[in-house]
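Take a look at the protein below and turn it around a few times. We'll walk through it bit by bit, starting with one idea that comes up again and again.

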Amino acid sequence: GHDFGEVGAASLAAVLPLLASIRTLTLGVKQLREVRSRELPPAAPEAPPTEAEASERRTEALQFASKVTLAALGAYVLYTALDWQGIHTAMITCFFVAQESVGATIHKFTLRIAGAVVGGALGIASLVFVLPHLDSAGGLALLVGAVTLFATWFATGSQRIAYFGWQIAIAYFIAVLHGFSRSTKLVVARDRVLGIILGNILISIVFVHLWPVRVGTRVANAVARALDALAALLSIEDPGPESEA
């Protein structure tokens, strides 16, 4: 009997707070429905940013533009000085992979280089092993369609990997298709991949060492604001037994 009483008390201590939370949540949902049924007043206009916030945004925009410009200019100077126009994708890479934070930039240029390597490898394999045995446009269309289907499977997937699929397709098309005829040059895919690697190196050096932006603090602040909004959404402001519960 004594053990049973202790077990019952422990169960009540765990269940009663849970029931109270469920009741509070139910009351909050009921209140939201009642508010929705009434005509809501127009939302207040968003407060304009303060002078300090506007100045901070302008500074961040100028820093971001300076970093991208510096990386792209470095890529342009390198491939122009080397007289190697095939790696001009280094400058294009600097524009395409530049993101607000260091982590997002690294993620995007990782997808870009991985997609370029896979697409370039498929293109070279097609030029060496498949295209010499094709003698019609229909065969070429089937080959390109098969690789496009493979790239589309990634491109239509999650946002985290979609850019990988786009890069596979673009790298493959550049390697295999030139104008209205198929290509026979292997250096195109090689130069494209080398240019992307060079662009990734330049953009990572600039973004890591010059005004680096870390997203961890911003994520923590956003989560805190979301929790505050959720708490305000479920709060019961009217006095009475519901508020006490």
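A residue counts as buried when its relative accessible area is under 20%, as exposed when that area is over 50%, and as partly exposed in between (1.4 Å probe, protein chains only). Try it on Ile201: its relative accessibility is 44%, so this residue counts as partly exposed. Ile201 sits in helix H7.

Before going further, note that this is a predicted model: local features need pLDDT of at least 70, side-chain atom pairs count only at pLDDT 80 or more, and totals for chains, interfaces and linings use all residues. Residues are numbered from 1 along each chain as its sequence is written, and side-chain values use heavy atoms, with hydrogens and water left out.

**The overall layout**

The protein chain has nine helices and two strands. Helices (H or I, at least four residues) and strands (E, at least two) are DSSP runs, numbered from the N terminus. Read from the N terminus on, the order is α-α-α-α-α-α-β-β-α-α-α. The chain has 245 residues, and 26% of them count as buried. About 16,300 Å² of the protein chain is exposed, with carbon and sulfur atoms supplying 68% of that; accessible areas come from the Shrake-Rupley method with a 1.4 Å probe, and for residues only the protein chains shown count as cover.

What about contacts, meaning heavy atoms within 4.5 Å? Among those in the protein chain with a separation of 6 or more, 70% are between residues 24 or more positions apart.

**Helix H4 and what covers it**

Helix H4 covers residues 102–130. The expected span of a helix is 1.5 Å times one less than its number of residues. With 29 residues, H4 should therefore span 42 Å, and its end C-alpha atoms are 41 Å apart, which agrees. The buried residues of H4 include Phe109, Arg112, Gly115, Gly119 and Gly123. Which helices help to cover the buried residues of H4? Among them are H3 (89–97), H5, H6 (162–176) and H7.

H5 (residues 137–155) contains Ala151. At 2% relative accessibility, Ala151 counts as buried. Leaving aside neighbours within four places in sequence, Ala151 is in contact with Gly165, Ile168 and Ala169. The C-alpha atoms of Ala151 and Ala162 are 9.1 Å apart, with the two residues eleven places apart along the chain.

**Helix H7 and its patch**

H7 runs over residues 187–209, so its 23 residues should span 33 Å, and the end C-alpha atoms are indeed 33 Å apart. Just after H7, Trp211 takes a positive phi of about 50°.

Ile201 turns up again here, as part of a nonpolar surface patch of about 510 Å² that it makes with Leu82, Trp84, Leu194, Ile197 and Ile205. Patches are made of residues with over 30% relative accessible area and no salt bridge: like charges are joined within 9 Å, and nonpolar side chains (Val, Leu, Ile, Met, Phe, Trp, Tyr) within 5 Å.

**Salt bridges**

Side chains of opposite charge can pair when their charged atoms come close. A salt bridge is a side-chain nitrogen of Lys or Arg within 4 Å of a carboxyl oxygen of Asp or Glu. How many salt bridges does the structure hold? There are two, and here they are:

| Residues | N to O distance |
|---|---|
| Arg58 and Glu51 | 3.6 Å |
| Asp191 and Arg190 | 2.9 Å |

Arg58 is partly exposed, at 47% relative accessibility, whereas Glu51 is exposed, at 59%. In the other bridge, Asp191 is buried, at 9% relative accessibility, and Arg190 is partly exposed, at 44%.

**Aromatic pairs**

Rings of Phe, Tyr and Trp (its six-membered ring) pair if their centres lie within 6.5 Å; planes under 30 degrees apart count as stacked, over 60 as edge-to-face and the rest as tilted. The whole structure has six such aromatic pairs. One of them joins Tyr76 and Tyr79, edge-to-face, at 5.6 Å centre to centre with 85° between the planes. Why are these two about one helical turn apart? Because Tyr76 and Tyr79 are three residues apart in helix H2 (residues 51–81). Tyr76 is partly exposed, at 41% relative accessibility, while Tyr79 is buried, at 6%.

Tyr172 and Phe173 form an edge-to-face pair too, at 6.4 Å centre to centre and 65° between the planes. Tyr172 is buried, with a relative accessible area of 1%, and Phe173 is partly exposed, at 29%. Finally, ring pairs link Phe150, Trp153, Phe154 and Phe164 into a cluster.

Technical notes. Contact = heavy atoms within 4.5 Å.
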